[in-house]
Amino acid sequence: MGNRSSSILGKPEWSFNRSVFKSVGFSDDDLHRPVIGIANSWNELVPGHANLRQVAEHVRKGIYRAGGTVAEFGVIGACDGTAQGHAGMHYILPSRDLIANDIEVMVEAHRLDGIVLLGSCDKIVPGMLMAAARLRIPAIFLPGGPMLGGVKFDGRKSDLTTMSEALGMLKSEKITETAYEQLEELCGPTCGSCAFYGTANTMCCMAEALGLSLPGAALVPAVYADRLRLGEETGKAIVALVTNGISADNIITYQSLENAIRVLMATGGSTNAVLHLSAVAAELDITAETMMNAYDKLSQSTPQIAKVNPASQYDMEDFHRAGGIPRVMQEIGALLNKGCITVTGKTVEQNLEGYRFKYPHDDNVISTLAQPFSQQKGLAILRGNLAPDTAVTKPAAIAPEMHVFTGNARVFDCEEAAEEAILNGRIKEGDVVVIRYEGPKGGPGMREMYKAMKYLYGMGLAKKTALITDGRFSGTNNGCFVGHISPEAAEGGPLAVVRDGDRITIDIPRGLLQLHLSDQEISTRLESWQRPQPKFTRGYLGLYSKLASSAAKGAVITL
């Protein structure tokens, strides 16, 4: 395959462009080689990205060793954790589309031959995967790796989200202020994506399952030397992809998306992965209906063989040492499309046959297909009169006795109002907390109800109440919860007319989210419903609130 960059760097017609490159230090030899971009989301605000400058140096080394030329540029990356519980969270999901668009602009404007995508956190990873699928050039994704677990607290290693659980304990006088302040210092001991199996690490695992990362790349901790070695190997691999003409759309296909869904279900990953994999699929013109049917179908026949925090005490370092995604894919190999090509230039089957594990297998973390931890779905798609276009839940993080729950609605029109009610003791056993107008358009930005769930846990209500929303959840949440309710309240979905005291049933085995009202009563209420005014009318959020699609369609910007 001829290099794309050579079409704008040939002499003499393109000497102007050559002079532009030379003005920043490129040589004739550099411009003769394939030009590989590094889209680096390093910054000093996000723990998962703090080491990416160092990782990038090793990627550069690999690219140069393999005969390529490096062109690195920056990409925005915001922290879900820092943004939780305030207006900043409105920006997090919309940032995904900005990231995809920005990478597209840089790659296409400069006719780069290939791209290495460096990111680790919640919306940065899917934004980069969307860009790879859209651009259809050689691409590899490399994360910075998860952080190590913190001091032991409440029976397991702590992590950053432990602070929110601890606040509920502090409010209910279960711990002292001294213990709370000590935890602040000790729950996040290193840089890296959060130490639990939340959206960040889930999406890094999805990239590996898709074949867009080197085998084992998802879970090597940020502070391990192996992370840097992976950087160099990634640099070498992208040059090989360019040389051999293997582009991202050869790797990201419906078949590889099925593999990712299988791994998602087998590991009990974040519910947000449904949103993000659908968004990646949309870049390949795979419909939302096709993807929802795939989640539903594949969840029926994929048992859960990995249990990690929040489903168990084991964190990401434990998951890595137990064998990580290669071990999971080996164990569920009979369910995978093993002929899919990957960034190694080999198939999934060839990668798994040649993979060398560095640590002994730990069946406390990763079990087998024959003896799974659970035959229950890792994630589940729900439908019903409260979610005509689907909703998403995570049985893997819900106690079995809570898989069927009926309770009385306590309705809140925003996240903050619900959090205030929880912390002030106004939510009681048997309540179903309803948080609405937090969907893609209504939020806007589909905020995570992370703090609300953590506060319920801290108040001792995690197994006594439920929470449903047209917003989202963090991958670290547990309890009884349903998100992504579609259509959202701001679009006139039935969620908009739920009232305090209405009875609601969550029935995961039957795939049901039901409001105990007649169709006639729901229609009558909707006739008198009035659409609220947009919360933002200017700037990027004003644009996103107008153009965002339903959560059932990936919440992507559509024209």
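This tour proceeds through a predicted model, one selection at a time.

**Stop 1: paired strands**

Begin by selecting strand S9, residues 404-412, together with strand S13, residues 503-507. These two strands pair in the antiparallel sense, over 5 bridges. Within this pairing, Thr-406 has Thr-505 of S13 as its bridge partner. Keep S9 selected and add strand S10, residues 431-435. Here the sense of pairing is parallel, again over 5 bridges. Arg-410 is matched with Val-433 of S10.

**Stop 2: salt bridges**

Side chains of opposite charge can pair when their charged atoms come close. In the whole structure, a search finds 38 salt bridges. Three of the pairs are visited below, followed by a network.

Select Asp-80 and Lys-123, whose side chains form a salt bridge with an N to O distance of 2.8 Å. Asp-80 belongs to helix H4 (residues 80-83), while Lys-123 sits in the loop between strand S3 (114-118) and helix H6 (124-135), so this contact ties together parts that are 43 residues apart in sequence. Are these two residues buried or exposed? Asp-80 is buried, because its relative accessible area is 5% and under 20% counts as buried. Lys-123 is likewise buried, at 1%.

Next, select Lys-358 and Asp-226, a salt bridge in which the closest N and O atoms are 2.9 Å apart. The pair links distant parts of the chain, 132 residues apart: Lys-358 is in the loop between helix H17 (348-354) and strand S7 (380-384), and Asp-226 is in helix H10. Asp-226 is buried, with a relative accessible area of 15%.

Then select Arg-447 and Glu-416, where the closest N and O atoms of the salt bridge are 2.8 Å apart. Arg-447 lies in the loop between S10 and helix H19 (450-458), and Glu-416 lies in helix H18 (residues 415-423), so the pair ties together parts that are 31 residues apart in sequence. Arg-447 counts as buried at 2% relative accessibility, whereas Glu-416 is partly exposed at 32%.

To finish this stop, select Lys-61, Arg-65, Glu-232, Glu-233 and Lys-236, which are joined into one network by salt bridges that share partners.

**Stop 3: exposed residues**

Select Glu-177, Glu-181, Glu-184 and Glu-185, which form a negative surface patch. Glu-185 is part of helix H8, residues 177-186. This residue counts as exposed because its relative accessibility is 64%, and exposed means over 50%.

Move to Thr-243, in helix H10 (residues 225-244). Thr-243 also counts as exposed, at 54% relative accessibility. Add Pro-138 to the selection: the two residues are 105 apart in sequence, yet their C-alpha atoms are 9.4 Å apart in space.

**Stop 4: details of the backbone**

Which peptide bond should be examined in the loop that holds Pro-310, between helix H14 (288-300) and helix H15 (316-321)? The bond from Asn-309 to Pro-310 is cis, with omega near 20°.

Now select the loop between strand S12 (481-483) and S13, where Pro-487 is found. The peptide bond from Ser-486 to Pro-487 is cis, with omega near 0°. His-484 lies in the loop between S12 and S13. Its phi is near 60°, a positive value in a residue other than glycine. His-484 counts as buried, at 2% relative accessibility.

End with Ala-555, in the segment after helix H21 (539-547). Phi of Ala-555 is positive, near 55°, in a residue other than glycine. Ala-555 counts as buried, at 0% relative accessibility.

Methods:
Residues numbered from 1 in each chain as written. Predicted model: local features only at pLDDT ≥ 70, side-chain atom pairs only at ≥ 80, totals over all residues. Heavy atoms only, no water. Pairing = 2+ DSSP bridges. Helix = DSSP H or I, 4+ residues; strand = E, 2+ residues; numbered from the N terminus. Patch = residues over 30% accessible without salt bridge, like charges linked within 9 Å, V, L, I, M, F, W, Y side chains within 5 Å. Areas by Shrake-Rupley, 256 points an atom, 1.4 Å probe, with all protein chains shown as cover. Salt bridge = Lys/Arg side-chain N within 4 Å of Asp/Glu carboxyl O. Lys, Arg positive; Asp, Glu negative; His and termini not counted. Charge placed at Lys NZ, Arg CZ, Asp CG, Glu CD. Buried < 20%, exposed > 50% of the residue type's maximum accessible area, 1.4 Å probe, protein only.
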